[in-house]
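Colleague: Got a minute? I'd like to go through this model with you.

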2 protein chains.
Amino acid sequence: MPKRNQCLTEHEQRARPVPDTGSADAAIAALAWAIAHPARVRILRILLARKACVCGELVDQMPLAQSTVSQHLKILKEAGLVQGEIDGPKVCYWVDADGLARLKEIVGGL
Amino acid sequence: MPKRNQCLTEHEQRARPVPDTGSADAAIAALAWAIAHPARVRILRILLARKACVCGELVDQMPLAQSTVSQHLKILKEAGLVQGEIDGPKVCYWVDADGLARLKEIVGGL
DNA sequence: ATACTTTATCGGTAATCAACGATTGAGGCT
DNA sequence: AGCCTCAATCGTTGATTACCGATAAAGTAT
């Protein structure tokens, strides 16, 4: 951690230009945003604890309406962190291991 | 990744109750939220590339108004990811290494 | 003291998010 | 077919966010 008055000079700053990382920034932001809500973190935790879980069970474990939970699941799915599959009248959800790994990797790589 | 129809039975589910993780969920969500915006990720990247950076330099590197960048810096500071110190008329910012480590740890621990 | 920089904060606007109830649609059951 | 269950979607509401310009505060220099 830099000490007081340890900012780089203008010359030093120019010597180390920061590369353009627009799309990468957007990617990490999107992934982070998916877990930027307690309910979505909770959903991930439940799905990790049980290997998989039916939507209705998820709803039972949360103080939220069914439609709200469904909304959060959609967000997690779109971020690639969760997958779901229709299983009879129910829908079974589980954590997309690749997606979660990608999240960890991208955050760890900061 | 579970295969089709690999949801747990009700008995299996009840046997493995998911512990209450309310505050931890909120903590990770708050931290994730701080980097859930491309501009804030960009700021982090710039601060990491240069050990430290004056606010004005940050503004120059982003297509955002000064007041907007200042807002994002405040958010990052409140999340504990960035620290700032007044240096004459300017303000020098740098990444809070502990905070960033905490973010990585908490995400990696998912 | 005055003028100039630099950055934080204020005020306002448009857009997005979170939450809910109600509805729809897709499957199973009798 | 008719009924029931389960989950996604729709429509709405209130709250929050992102962004900007303008202003204020704090420092430096003339």
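Modeller: Sure, let's take the two protein copies and then the DNA. Keep in mind that this is a predicted model.

Colleague: How can chain A be laid on chain B?

Modeller: By a turn of 180 degrees, with a shift of 0.0 Å along the axis. The RMSD of that fit is 0.0 Å. The two copies are thus related as by a two-fold rotation axis.

Colleague: Which C-alpha of chain A is nearest the axis?

Modeller: That of Ala32(A), at 2.6 Å from the axis.

Colleague: And how much of the contact surface of chain A recurs in chain B?

Modeller: 100% of the contact residues of chain A recur in chain B. The same surface serves both copies.

Colleague: Okay, helix packing. At what angle do helix 3 of chain A and helix 2 of chain B cross?

Modeller: Roughly 115 degrees, and the axes come within 8 Å. Helix 3 of chain A spans residues 38–49, and helix 2 of chain B spans 22–34.

Colleague: Is that crossing left-handed or right-handed?

Modeller: The crossing of these two helices is right-handed.

Colleague: Which residues make the contact?

Modeller: On helix 3 of chain A, they are Pro38(A), Val41(A), Arg42(A) and Arg45(A). Helix 2 of chain B brings Ala24(B), Asp25(B), Ala26(B), Ile28(B) and Ala29(B). By class, this contact has six nonpolar, three charged and no polar residues.

Colleague: Switching to DNA. How many residues surround strand D?

Modeller: DNA strand D has 21 residues around it. The closest are Gln66(A), Ser70(A) and Tyr93(A), with Thr68(B) and His72(B) from the other chain.

Colleague: What share of the strand D atoms within 4 Å of the protein is sugar and phosphate?

Modeller: Sugar and phosphate account for 68% of those atoms.

Colleague: Which side chains have polar atoms by the bases of strand D?

Modeller: Gln66(A) is one of them, with a polar side-chain atom 2.8 Å from a base nitrogen of DNA strand D. Ser67(B) is another, with a polar side-chain atom 3.1 Å from a base oxygen of that strand. On the phosphate side, an N or O atom in the side chain of His37(B) is 3.4 Å from a phosphate oxygen of DNA strand D.

Colleague: Which element gives the largest share of the surface near strand D?

Modeller: Helix 5 of chain A, with four residues. Helix 4 and strand 3 of chain A and helix 5 of chain B each supply at least two residues as well. The classes are nine nonpolar, nine polar and three charged.

Colleague: Now strand C. Which residues are closest to that one?

Modeller: Ala65(A), His72(A), Gln66(B), Ser70(B) and Tyr93(B), out of 20 residues that surround DNA strand C. Of the strand C atoms within 4 Å of the protein, 67% belong to sugar or phosphate and the rest to bases.

Colleague: What is close to the phosphate oxygens of strand C?

Modeller: An N or O atom in the side chain of Ser70(B) is 2.6 Å from a phosphate oxygen. For Ala65(A), a polar backbone atom is 2.9 Å from a phosphate oxygen. With the bases, a polar side-chain atom of Gln66(B) lies 2.9 Å from a base nitrogen of DNA strand C.

Colleague: Last one. Which helix gives the most to the surface near strand C?

Modeller: Helix 5 of chain B, with four residues. By class, the residues near DNA strand C divide into eight nonpolar, nine polar and three charged.

Technical notes
Residues numbered from 1 in each chain as written. Chains lettered and ligands numbered in written order. Predicted model: local features only at pLDDT ≥ 70, side-chain atom pairs only at ≥ 80, totals over all residues. Heavy atoms only, no water. Axes fitted to C-alpha atoms, helices over the stretch in contact; angles between N-to-C directions. Left-handed = near helix turned anticlockwise from the far one by under 90°. Contact = heavy atoms within 4.5 Å. Nonpolar A, V, L, I, M, F, W, Y, C, P; charged D, E, K, R; others polar. Least-squares fit on C-alpha atoms with pLDDT ≥ 70 in both. Near = heavy atom within 4 Å. Polar contact = N/O pair within 3.5 Å; in protein donor to acceptor, adjacent residues only side chain to side chain.
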